[in-house]
Amino acid sequence: MKNPTIKASACVATLALFVTGCENLSPGANAALFGGLSGVGAGTIARSAGASTNESLAIGAATGIATAIVVYIVAKHQATERQHQIAEERARIAAARLERQRAAQASAKKKRKSRYIAVDTERNSESTGKKSVMIFDTESKEIVGNNVYDVQSTPAKGEVAKFDTYSAEYVGTGA
């Protein structure tokens, strides 16, 4: 066998062992593992592209944290009518409160407005995480889709987290 063939075979075998060994990890372990790996990968790519060591470390850390936040979603399922109603009521209250806060702060400084907010809804028999969350669009003033995201660990209020393709500011119950 030639050297490139051996290297390629070793990489494929290692990757296969790695992926099958991770199937029973908890959501937290998955977040740590894949967040760390994506951070190392992004930092390595940045360093190869000419970034300084400090810049590549910062890029790697930011990527790892962003990936870890995304992985904490345990499950996604369709909302019941009641979950949808609760989330919409809470989101409207939270969106109005955020709008008032931002208007009061507008004279002092500009604060970035999140188009989407993540709001808690009630858990049901399909819920598998610690909290059930739905996404609300503050521009159209309605719940986005009919998905409930079960999360293992909720972000802090005001923190922006990734839910599928949406970056949403977490508002909790909106109260």
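## Strand pairing, cores and salt bridges

Strand S3 (residues 131-137) and S5 run antiparallel, joined by three bridges. The model is a predicted one. One pairing links Val 133 to Tyr 149 in S5.

S5 covers residues 147-151, and five of its five residues are buried, so the strand is largely enclosed by the rest of the structure. Asn 147, Tyr 149 and Val 151 point one way from S5, while Val 148 and Asp 150 point the other way. In a regular strand, side chains alternate between the two faces of the sheet. Here the residues on both sides of S5 are buried.

**Nonpolar cores**

The largest nonpolar core holds 13 residues. Ile 117, Met 134, Phe 136 and Val 171 have the most contacts inside it. Helix H4 (81-106), strand S2 (116-121) and S3 each give two or more residues to this core. H4 supplies the largest share, five residues. Another core, of 11 residues, lies apart from it; Ala 118, Ile 135, Val 144 and Tyr 149 are among its members. Nonpolar side chains tend to be buried together in soluble globular proteins.

Which residues does Phe 136 touch, not counting those up to four places away in sequence? They are Ala 91, Arg 92, Ala 95, Arg 115, Tyr 116, Ile 117, Lys 141, Glu 142, Ile 143 and Val 144.

**Salt bridges**

Side chains of opposite charge can pair when their charged atoms come close. The count here is five salt bridges. Three of them are tabulated with their N to O distances.

| Basic residue | Acidic residue | N to O distance |
|---|---|---|
| Arg 92 | Glu 88 | 2.6 Å |
| Arg 115 | Asp 137 | 2.8 Å |
| Lys 131 | Asp 120 | 3.3 Å |

Glu 88 and Arg 92 both sit in helix H4, four residues apart, about one turn of the helix. Glu 88 is buried at 18% relative accessible area. Arg 92 is partly exposed at 40%.

Arg 115 and Asp 137 link distant parts of the chain, 22 residues apart: Arg 115 is in the loop between H4 and S2, Asp 137 in strand S3. Arg 115 is partly exposed at 37% relative accessibility. Asp 137 is buried at 5%.

Lys 131 in strand S3 and Asp 120 in strand S2 are 11 residues apart. Lys 131 is partly exposed, at 32% relative accessible area, whereas Asp 120 is buried, at 4%.

**Glu 139**

A salt-bridge network links Arg 115, Asp 137 and Glu 139. Glu 139 lies in the loop between S3 and strand S4 (142-143). Is Glu 139 buried or exposed? Its relative accessibility is 55%, over the 50% cut-off, so Glu 139 counts as exposed. Glu 139 and Ala 95 are 44 residues apart in sequence, yet their C-alpha atoms are 9.6 Å apart in space.

Conventions
Residues are numbered from 1 along each chain as its sequence is written. This is a predicted model: local features need pLDDT of at least 70, side-chain atom pairs count only at pLDDT 80 or more; totals for chains, interfaces and linings use all residues. Side-chain values use heavy atoms; hydrogens and water are left out. Buried means under 20% relative accessible area, exposed over 50%, partly exposed in between (1.4 Å probe, protein chains only). Two strands pair if DSSP finds at least two bridges between them. A nonpolar core is a set of buried Ala, Val, Leu, Ile, Met, Phe, Trp, Tyr and Cys residues joined through side-chain atoms within 4.5 Å. Contact means heavy atoms within 4.5 Å. A salt bridge is a side-chain nitrogen of Lys or Arg within 4 Å of a carboxyl oxygen of Asp or Glu.
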